[in-house]
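User: Hello! Could you take a close look at one part of this protein for me, namely its interior and what lies around it? A connected account that I can follow with the structure open would be ideal.

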Amino acid sequence: MAMKRRLHLLFLGAWALLFAGAVLAAEIAQPPVVDDSALPALGNDWRENNPYRGLPAAYDIGRSAYNQSCARCHGADAATNAAPAPDLRNLNRACRRIVSAELKARCQADKDAYFAKTVRQGKIIVGVTHMPPWDGVLKQELAWAIQVFIEAQARGGRE
Ligand code: HEC
């Protein structure tokens with residue numbers, strides 16, 4: 001009886017390890033494979049603001065990168081709120097409502113800084129990785145293109 005019980009515990013332990021492995025694997029940042037040659041190169045120093053707004057190529061490149069690297073947590077095509085992570089279409093909602101062009105630009109600049117910082121550092125809250133850091137995994141070109149794609153989705157898709 002005691003032996004059987006110990007075996008049982010062993011099985012439980014093995015399952016727990018397997019499960020922990022699966023969760024950890026899910027938190028690793030997977031780089032997307034995308035041809036971004038249509039985007040002006042930005043180098044290693046991160047810009048403060050998104051330089052790709054209004055650039056049509058950014059939408060498709062951003063979409064591909066997003067679906068490879070972000071969709072598994074944030075939802076396919078950034079077009080669903082059924083995912084475990086927040087709906088990223090809401091990120092710029094407050095700015096969209098602002099009428100004054102100057103205030104809108106300032107709001108947008110704050111959102112750009114928040115987007116870049118969050119993506120680079122990830123979301124690690126009291127030691128628990130909610131989102132892995134993307135610094136060194138995702139080029140800034142792709143991060144900004146992803147933001148352009150998300151913003152277009154928030155407005156109902158490609159212009
Ligand atoms: C392993 C799952 C996972 C992946 C993959 C992932 N995220 Fe996240 N992300 C999260 C979670 C969970 C949160 C919310 C964390 C929190 O605040 O507790 C989050 C939050 C964010 C936020 C802040 C949202 C807000 O409302 O404040 C941004 C921006 C973001 N993610 C962008 C991205 C981008 C861009 C990618 C792809 C390059 C990505 N994420 C990939 C899980 C993920």
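Analyst: Happy to. A residue is called buried here if 20 or more other C-beta atoms lie within 10 Å of its own, exposed if 12 or fewer, and partly exposed in between. By that yardstick, 23% of the 159 residues in the protein chain are buried. Please keep in mind that this is a predicted model.

Let's set the scene before going inside. The protein chain has six helices and two strands, and these follow one another as α-α-α-α-α-β-β-α along the sequence. Contacts between residues at least 6 apart in sequence join residues at least 24 apart in 63% of cases.

Now for the interior. The largest nonpolar core holds 23 residues, and those touching the most other members are Ala65, Tyr66, Leu142, Ala143, Ala145, Ile146 and Phe149. Helix 2 (56–69), helix 5 and helix 6 (140–154) each give two or more residues to this core. Helix 6 gives the most, with eight residues. As a general background, nonpolar side chains in soluble globular proteins tend to be buried together.

Helix 6 is a good place to begin. Of its 15 residues, 13 are buried, so that helix 6 is mostly covered. What span should one expect for the 15 residues of helix 6? At 1.5 Å a residue they should span 21 Å, and the end C-alpha atoms are 21 Å apart, in agreement with that. After helix 6 comes Gly156, with a positive phi near 105 degrees.

Helix 2 can be checked in the same manner. Its 14 residues should span 20 Å at 1.5 Å a residue, and the end C-alpha atoms are 21 Å apart, which agrees. The buried residues of helix 2 are Ala58, Ile61, Gly62, Arg63, Ala65, Tyr66 and Ser69. Helix 3 and helix 6 are among the elements covering them. It helps to recall that an α-helix has 3.6 residues a turn, so residues three or four places apart point the same way.

Two neighbours in helix 2 show how this cover works in detail. Leaving aside neighbours within four places in sequence, Ala65 is in contact with Pro32, Val34, Leu142, Ala145 and Ile146. Tyr66, also in helix 2, has its own set of partners, with the same neighbours left aside: Ala71, Ala78, Ile146, Phe149 and Ile150. Is Tyr66 buried or exposed? It counts as buried because 26 C-beta neighbours lie inside 10 Å, and the cut-off for that is 20 or more.

From Tyr66 we can step out to a loop. Asp77 is eleven residues from Tyr66 in sequence, and their C-alpha atoms are 7.3 Å apart in space. Asp77 sits in the loop between helix 3 and helix 4 (93–96). With 14 C-beta neighbours inside 10 Å, Asp77 counts as partly exposed. Its backbone deserves a glance too: phi of Asp77 is near 60 degrees, a positive value in a residue other than glycine. For context, most residues other than glycine have a negative phi.

Val126 is another case of this kind, with a positive phi of about 35 degrees although it is not a glycine. It lies in the loop between strand 1 and strand 2, and it is exposed because 4 other C-beta atoms lie within 10 Å. The two strands form a hairpin with two residues between them, and they pair in the antiparallel sense over three bridges. One of the paired positions is Ile125, whose bridge partner in strand 2 is Val128.

The hairpin leads us to the ligand. Strand 1 (123–125) and strand 2 (128–131) each supply at least two residues of the shell around the ligand, as do helix 3 (71–74) and helix 5 (101–121). There are 21 residues around the ligand, and Cys70, Cys73, Ala85, His130 and Met131 come nearest. The shell divides into 14 nonpolar, four polar and three charged residues.

One last stop is Thr118, which is found in helix 5. It counts as partly exposed, with 14 C-beta neighbours inside 10 Å. Thr118 is 16 residues from Trp134 in sequence, while their C-alpha atoms are 8.7 Å apart in space.

Technical notes
Residues are numbered from 1 along each chain as its sequence is written. This is a predicted model: local features need pLDDT of at least 70, side-chain atom pairs count only at pLDDT 80 or more; totals for chains, interfaces and linings use all residues. A residue is near a molecule or strand if its C-beta atom, placed from the backbone, lies within 6 Å of it. Ala, Val, Leu, Ile, Met, Phe, Trp, Tyr, Cys and Pro count as nonpolar, Asp, Glu, Lys and Arg as charged, and the others, Gly among them, as polar. Two residues are in contact if their C-beta atoms, placed from the backbone, lie within 7 Å. Two strands pair if DSSP finds at least two bridges between them. A nonpolar core is a set of buried Ala, Val, Leu, Ile, Met, Phe, Trp, Tyr and Cys residues joined through C-beta atoms within 7 Å. The expected span of a helix is 1.5 Å times one less than its number of residues.
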